[in-house]
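Welcome! Here is a short guided look at a protein model and the molecule it holds. Take a moment with the view below, then read on.

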Amino acid sequence: MDEKIKVLGFAGSLRKGSYNRALLRVAKGLVPEGMELEIFELDDIPLYNGDVEEQGFPEPVQEFQNKIREADALLIVAPEYNYSIPGVLKNAIDWASRPPTNCAIVGKPVAVTGASTGRFGTLRSQLHLRDVFFALNMPAVLKPEVYITNAEEKFDENGNLTDERSISQIRKLLQSLADLTIKMKGGEGKQAVA
Ligand SMILES: Cc1cc2nc3c(=O)[nH]c(=O)nc-3n(C[C@H](O)[C@H](O)[C@H](O)COP(=O)(O)O)c2cc1C
């Protein structure tokens, strides 16, 4: 691929001090050569309502859908709430899956990671997201699985990821997303990362 791989990233937390938002900003600085990552903030996405959809997609939703369409691939940074996907994130994906006949997100290559203050680092949320990818026919990076556990120990007070192992895993995840995206476009991936 001659052009850069365009990745759209979004995080499923609206908190200013969110570890997941911080992780997404970190990821932007770790992309491999030939990839660029744009961050989309979900703050203005309203709750999904079929009546609203019938009247026309709200402007922030249209912007989100357009950004997804323009992107070659997605990076989703998912917190975990009550062992599953936070409503903010699932809601945004639901909007992106409309209308079902010609939606922005279907078939889009995707990688997922996430940070939590717990011991499992969003493992369960990420697994539930993989079911959603199944519904939307989205080819997903399988390996590496990247779970940022005990997030309060891995970031400094400015939201910098200070844990070298986590940084290395995010780099590998992004390289795997590049490989998958190139393969989906009919090219050869550089390397498979286990
Ligand atoms: C409603 C709620 C439910 C939560 N449930 C989980 C959980 O199931 N697993 C987990 O690891 N952390 C859970 N947490 C803790 C979050 O991992 C922690 O608040 C994290 O900082 C949220 O992500 P953020 O920093 O990006 O906002 C929960 C937090 C909230 C507010």
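## Around the ligand

A polar backbone atom of N82 sits 2.8 Å from a nitrogen atom of the ligand. On its own the ligand would expose 620 Å², and 73% of that is buried by the protein. Please keep in mind as you explore that this is a predicted model.

Which residues come closest to the ligand? Of the 14 residues that surround the ligand, the closest are S13, R15, S18, N20 and Y83. Two serines in that group deserve a second look. The side chain of S13 places a polar atom 2.8 Å from an oxygen atom of the ligand. For S18, an N or O atom in the side chain is 2.5 Å from a ligand oxygen atom. Sorted by class, the shell around the ligand holds 7 polar, 4 nonpolar and 3 charged residues.

## Salt bridges

Now let us turn to charged pairs. Side chains of opposite charge can pair when their charged atoms come close. How many salt bridges does a search of the whole structure find? The search finds 8. Here are some of them, with the N to O distance for each.

| Side chains | Distance, N to O |
|---|---|
| E38 and K67 | 2.9 Å |
| K185 and D72 | 3.0 Å |
| D94 and K90 | 3.0 Å |

Let us start with E38 and K67, whose side chains meet in a salt bridge. E38 belongs to strand β2 (residues 35-39) and K67 to helix α3 (residues 59-70), so this pair ties together parts that are 29 residues apart in sequence. Are these two residues buried, partly exposed or exposed? E38 counts as partly exposed, at 35% relative accessibility. K67 is partly exposed too, with a relative accessible area of 22%.

The pair D94 and K90 sits within helix α4 (residues 87-96). Its two members are 4 residues apart, which means that about one helical turn separates them. D94 has a relative accessible area of 26% and is partly exposed, and K90 counts as partly exposed at 31% relative accessibility. Elsewhere, R21, E41 and D43 are joined into one network by salt bridges that share partners.

## A closer look at D72

The remaining pair in the table brings us to D72. Where does D72 lie? Its place is the loop between α3 and β3. Its salt-bridge partner is K185. K185 lies in the segment after α6 (164-184) and D72 in the loop before β3 (73-77), so the pair ties together parts that are 113 residues apart in sequence.

Is D72 buried or exposed? D72 counts as buried because its relative accessibility is 17%, and buried means under 20%. K185, by contrast, is partly exposed, with a relative accessible area of 48%.

What else does the side chain of D72 meet? One of its polar atoms lies 2.7 Å from the backbone nitrogen of K6. The side chain of D72 also makes a polar contact with the side chain of K185, at 3.0 Å. Setting aside neighbours within four places in sequence, D72 is in contact with K4, I5, K6, K108, P109, T181 and K185. Both K6 and K185 are thus found in that list of contacts.

Key
Residues are numbered from 1 along each chain as its sequence is written. This is a predicted model: local features need pLDDT of at least 70, side-chain atom pairs count only at pLDDT 80 or more; totals for chains, interfaces and linings use all residues. Side-chain values use heavy atoms; hydrogens and water are left out. A residue is near a molecule or strand if one of its heavy atoms lies within 4 Å of it. A polar contact is a pair of N or O atoms within 3.5 Å; within protein, one must be able to donate a hydrogen and the other to accept it, and residues adjacent in sequence count only if both atoms are side-chain atoms. Accessible areas come from the Shrake-Rupley method with a 1.4 Å probe; for residues, only the protein chains shown count as cover. Ala, Val, Leu, Ile, Met, Phe, Trp, Tyr, Cys and Pro count as nonpolar, Asp, Glu, Lys and Arg as charged, and the others, Gly among them, as polar. A salt bridge is a side-chain nitrogen of Lys or Arg within 4 Å of a carboxyl oxygen of Asp or Glu. Buried means under 20% relative accessible area, exposed over 50%, partly exposed in between (1.4 Å probe, protein chains only). Contact means heavy atoms within 4.5 Å.
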